[in-house]
Amino acid sequence: MGDDYPSMFRSEPMSLVQLYIPTEVAHDTVAELGELGNVEFKDLNPTVNPFQRSFVGEIRRFEEMARRIRFFTSQIEKEKDHIPIRPLYDSAPLITVGPRAARTIDELDEVLGEHEARLLQMNDSYKTLGERMRELSEARHVLRETAVFFDKAETQQVDARASFDESSAPLLQHDDRETQYSSTVQFDLEFVAGTIDRARVPTLERVLWRILRGNLYMNHTDIPEPFVDPVTGEETRKNVFIIFAHGEAILAKIKKVAVSMGATLYPIDANVDKRADSLREVTIRLDDLQTVLYHTGITRRSELLTIGENLSRWEDVVRKEKAIYETMNLFNYDVRRKTLVAEGWCPTRDLTMIQMALRHATEESGTNIAPILQELRTNKTPPTFVRTNKFTEGFQTIMDSYGIATYQEVNPGLFAIITFPFLFAIMFGDIGHGFIILFAAIYMIINEKKWAKADLGELVGPFFFGRYIILLMGLFSLYTGLMYNDIFSKALHFWQSGWDFQDVNGVEWGRPNGRVYPFGLDPAWHEADNGMVFTNSYKMKMSVVLGVIHMTFALCLQLPNHIKFNRTLDIYTNFIPQMVFLQSIFGYLVLCILYKWSIDWTTRSTEPPSLLNMLIGMFLSPGSVDPRTQLYPGQGFVQVLLVLIAAICVPWMLCAKPYFEWKEMQQTHGQGYVGLDHYDGPRQSSDQVLEIEEEGNGRVIVEEMEEHEQHDFSEVVIHQIIHTIEFCLGCISHTASYLRLWALSLAHAQLSEVLWMMTLENVLGMSGLIGYIYLALVGGLWFSATVFILCIMEGLSAFLHALRLHWVEANSKHYQGEGYAFTPLSFAKLDEKD
């Protein structure tokens, strides 16, 4: 495919460009390139500390603005009532380029500071008022509960005195005793009252009892409603306590212990009238505080509503401006020209767009000095960039997760668009299940514009990202379900079966009637007792055939890589022997499977041979084939020849490349040439080259020197030995690995059949109202289990197995994956990075 046309077959050609940007248009130029999103800038100041770079002051300023925006966001999230945030696409943009850019940023900084100051002041006021209201509320509860306690105590005193009356004593004597007793109680008993955390009440009781040796009386009551911290929002449940004791020293100890355990003490008067006055005063103050708190909350909410109207566009501007100045810190300053010098990678086909963006930035800034763009030549490996759209992005991400392709290497993501959902469908083949995931994918695609703007979370987000992968997986599952003739473990009778069943001695035997079922598996096999044996054999051999075809195709992708990178030696020393080795063993096995399927063994005098035993005997006893299990004439000679060819391929892969590398090395040394790393003398350069280096291109020559890596001959030998052993053993293990296609397909079909038998099959024959009720309940259970177990859990299992077959079995045949991703300055991707 031509390099001038965008394609996923290879990564796009990249160019190293150098920009000379006048300082007055530097900001607008980077902003324009950030909107374009196709230039990856290089750091030209790798030895400079980040805190010593040119624009560190601007970055700190925008970090402070970002902190204020995060503060606003946290305040909006903490608000109990929902505060709407106007989305970015519905907000008026802030113009941060052109002559008024600096003034706009200054105004934004001032607005953010004013909002923060007002919000902090209201938060402090709200916190102070909330704490005061909490104290008054606790004081009111203490006053109420102590009043209740004193009322109970007076009632108990009257009852106690009446029990000690003597019938023979005069009435005045009783009154004198009562007066004496009452005055004694009021004089001697003193108390401490307050509130404490409910969990600490038992601890307080035990500590006071041990310290005072029981010389106290304590009573406590629960406060019904919890106290909410106005700052953290935490709920605290407290109790009112009152402790009676004798003496100032004991009361002082009680107060110290209570305060040390977090209690709040309140001065409560023993006089009933004074307590009533205090209660009325506290209640009035509480009402006033509630009114002030309400108005403060209304003002704070209106402030947050104003912030919510502009928060998205503020955040967008700050994020972009910070990215702009971080990018400008990568540039080098040319003192002589008073310009910024930048270097970076960009797609070659986008150079025209970049030049147009530079002209547009110059026009927006209101100056006549335009940036200069020139393309540099270098041998430095460029980043890998593959253009994708919303359909191909998911498939490319799957391959990039294994490793970024080397620059201009054949991209396996292109072929995964077909091979990945197809291998998934081999393991998941069912018409009904395929229709369910197809419907789910279509539903997500229909709503993709709305869902793309929403935060879907970690559970739904990955499914939505891979909606087009799920779409193709559903389509291919429908196809393989038709091939398997399987819908929810049941068969479909589209055409007339090729088998007729006859009753012979009480046993039904199938007889071919001369018809051939035109598409897929004959439904008669679903009803046969040996249907499992047949489908097992069919799917196992099919998985081997598909696996060898997939590995052969992956191995063929070596050829365009070798041609592209001019590695002619690898074609003859790696690609050809590997292909011959693979086909002489496993390609032969595939041909035998297809040939065995094409024979009507009922007309043959020999039994159908076991291909696994045939493959084992091919190496253990080459040339000897049992006539009773012979597949075709001349089988022994063919197998001996194939074994010899495979045996020759091993030393071919092992020795050919190191030999030619050694021979080329000897020839080079014989001509008197040495590598660049062996030369320490001065480099001869013309005046023109030295002038170019002064202009800023000197580092390109350094990059060329860095790129050429010297390899020792022993490293080449060791690498080839490892590569040969890995390939030969991998051919065997990878072929066996494709049997997972058979295993998961069998497991999926059996699980679907078991689920049907345990649920719907038991209620389909029931009639009447009860039968319909059972059918509705069991049908719902069956459908839920089908979706969550068979479609989601089994689907994820098949997805992971298909992923492994691509990463390990296929990519190991051709994929180097030693590149690094193209990460341009793109404002559209700033949200993803955050």
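Q: In this predicted model, how many bridges join strand S2 (residues 40–41) to S10, and which residue of S10 is the bridge partner of Phe41?
A: Let's start with the pairing itself: S2 and S10 run antiparallel and are joined by 2 bridges. Looking within S10 for the partner of Phe41, we arrive at Gly344.

Q: Which residue in S10 is the bridge partner of Ile21?
A: Strand S1 (residues 14–22) also runs antiparallel to S10, with 9 bridges joining the two. Ile21 falls within the residue range of S1, and its bridge partner in S10 is Leu340.

Q: Which residue in S10 does Asn332 stand opposite?
A: Here we turn to strand S9 (residues 332–334), which is joined to S10 by 3 bridges in an antiparallel arrangement. The two strands form a hairpin with 4 residues between them, and Lys338 in the turn has a positive phi of about 55°. Across from Asn332, on the S10 side, stands Val341.

Q: How many of the residues of strand S10 (residues 339–347) are buried?
A: Consider the two directions in which the residues point: Thr339, Val341, Glu343, Trp345 and Pro347 go one way, while Leu340, Ala342, Gly344 and Cys346 go the other. Both sets are buried. The strand is therefore mostly covered, given that buried means under 20% relative accessible area, and the count is 9 of 9.

Q: Why does Thr392 count as buried?
A: Thr392 lies in the loop between strand S11 (372–376) and helix H9 (393–402). Leaving aside neighbours within four places in sequence, Thr392 is in contact with Met8 and Ile417. The cut-off for buried is under 20%, and Thr392 counts as buried because its relative accessibility is 8%.

Notes
Residues are numbered from 1 along each chain as its sequence is written. This is a predicted model: local features need pLDDT of at least 70, side-chain atom pairs count only at pLDDT 80 or more; totals for chains, interfaces and linings use all residues. Side-chain values use heavy atoms; hydrogens and water are left out. Buried means under 20% relative accessible area, exposed over 50%, partly exposed in between (1.4 Å probe, protein chains only). Two strands pair if DSSP finds at least two bridges between them. Contact means heavy atoms within 4.5 Å.
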